[in-house]
Amino acid sequence: MRILKISAVIVLLLFIFSCKEKKDDVRNGLNSVKSTTGKMTTEEVTYDIDGKSYQSFVAYLGDANEVRPVVMVLPEWWGLTDYVKNRAKQLAELGYFAMVVDYYGDGKTVDNPEEAAKLSGEFYKIPIDAKLKFDKAKAQLLKFPNANYDKIGVIGYCFGGAQALNMARLEDELKGAVSFHGNLMTGIKPKNHDVKILVLNGASDTYVPAKEIAAFKKQMDSAKIDYQFIDYPNAIHSFTNPASTAIGQKFNLKVAYNKEADEKSWEAMKTFLAKIFK
């Protein structure tokens, strides 16, 4: 009889604890898959846009209540690859709350340039759709007590670099934006605001010709935007991604990794983020 009573108490305690967890989930409004390794926590945060599921990726260190500046990471046209998720983890190690934005839905990745060009191209044609995906992902930050919604910056790679610049052009609440080897002119004109911009470009990038660079600088100067433009000698498109050399060889694309440019551009980004989040 005593054993039965003890068992009943244990079951009751487990039930109460389970109910508390469920209440917490409802309170936070989170639909996520969470993983903690050492001090690093990563989550796949799921939400809907027009009936379609999206899975942005979050990474942060330490206590879930320790408020940190946010860096939103916009991926290459390949989607939510391990590469861009690892960049988010690197940002988390620097003390930021990092979120990689899912543009394609379901955390999709692609492995060929034809499909990548088709999927990413839609956001160049209809920029407001890219803004919608960005804003919906950003709204998820409100569910994290350790994400400082008043201190948000954005970085992006290639396609994501162009989108980072567009978000800076369209949204004056951002603290700053960093483009790694992204296209510069997308048809959206910048507003005259205080969003600071850092462009990290490969000096030998054939996808970002001198004419485009000149037009971009003229546009920024005309709008009186606070921006910095850094060229890395001998670096071509996608110079930060170690997998890009093999990808370039496989698909005959003018992309390749450049270790020196990768490391220097990352350091430039670190300095920039520290400055905008002061």
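This passage walks through the strands, cores, salt bridges and unusual backbone angles of a predicted model.

A good place to start is strand β2, which spans residues 40–49. Of its 10 residues, 7 are buried, so the strand is largely enclosed by the rest of the structure. Its partner is strand β3, covering residues 52–61, and the two run antiparallel to one another, joined by 10 bridges. One of these pairings can be picked out by eye: T46 has Q55 of β3 as its bridge partner. Between the two strands the hairpin has 2 residues, and here D50 adopts a positive phi near 55°.

Attention can now turn to the interior. In soluble globular proteins, nonpolar side chains tend to be buried together. In this model the largest nonpolar core contains 41 residues, and M72, Y103 and F134 have the most contacts inside it. Helix α5 gives the most to this core, contributing 5 residues. What does M72 touch, once its neighbours within four places in sequence are set aside? Its contacts include F134, M99, V101 and L141, along with a run of residues from I152 through G153 and V154 to I155. Among the contacts of M72 there is also K138, a residue that returns below. A second core, separate from the one just described, has 33 residues, among them L61, A98, L198 and F277.

Charged side chains add another layer to the picture, with a count of 11 salt bridges. One of them joins R87 to D262, whose closest N and O atoms are 2.8 Å apart. Because R87 sits in helix α2 (residues 82–93) and D262 in helix α8, this pair ties together parts that are 175 residues apart in sequence. Are these two charged residues buried or exposed? R87 has a relative accessible area of 5% and is buried; D262, at 9%, also counts as buried.

Another salt bridge links the side chains of E171 and K131, with an N to O distance of 3.4 Å. E171 belongs to the loop between α5 and β7 (176–180), whereas K131 is in helix α4 (residues 127–139), so the pair ties together parts that are 40 residues apart in sequence. Both E171 and K131 are buried.

The salt bridge between E267 and K270 stays within one helix, α8, and its closest N and O atoms are 3.2 Å apart. These two residues are separated by about one helical turn because they lie 3 residues apart in the helix. E267 is partly exposed, with a relative accessible area of 42%, and K270 is partly exposed too, at 28%. Some salt bridges share partners, and in this way K131, D135, K138 and E171 are joined into one network.

Finally, the backbone holds a few details worth finding in the structure. C158 is not a glycine, yet it has a positive phi of about 55°. This residue is in the loop between β6 (147–157) and α5 (159–170), and it counts as buried because its relative accessibility is 9%, where buried means under 20%. N252 is another residue other than glycine with a positive phi, near 55°. Its place is the loop between α7 (244–251) and α8 (259–276). With 70% relative accessibility, N252 counts as exposed, since the cut-off for that class is over 50%.

Methods:
Residues numbered from 1 in each chain as written. Predicted model: local features only at pLDDT ≥ 70, side-chain atom pairs only at ≥ 80, totals over all residues. Heavy atoms only, no water. Helix = DSSP H or I, 4+ residues; strand = E, 2+ residues; numbered from the N terminus. Buried < 20%, exposed > 50% of the residue type's maximum accessible area, 1.4 Å probe, protein only. Salt bridge = Lys/Arg side-chain N within 4 Å of Asp/Glu carboxyl O. Pairing = 2+ DSSP bridges. Core = buried A, V, L, I, M, F, W, Y, C linked by side-chain atoms within 4.5 Å. Contact = heavy atoms within 4.5 Å.
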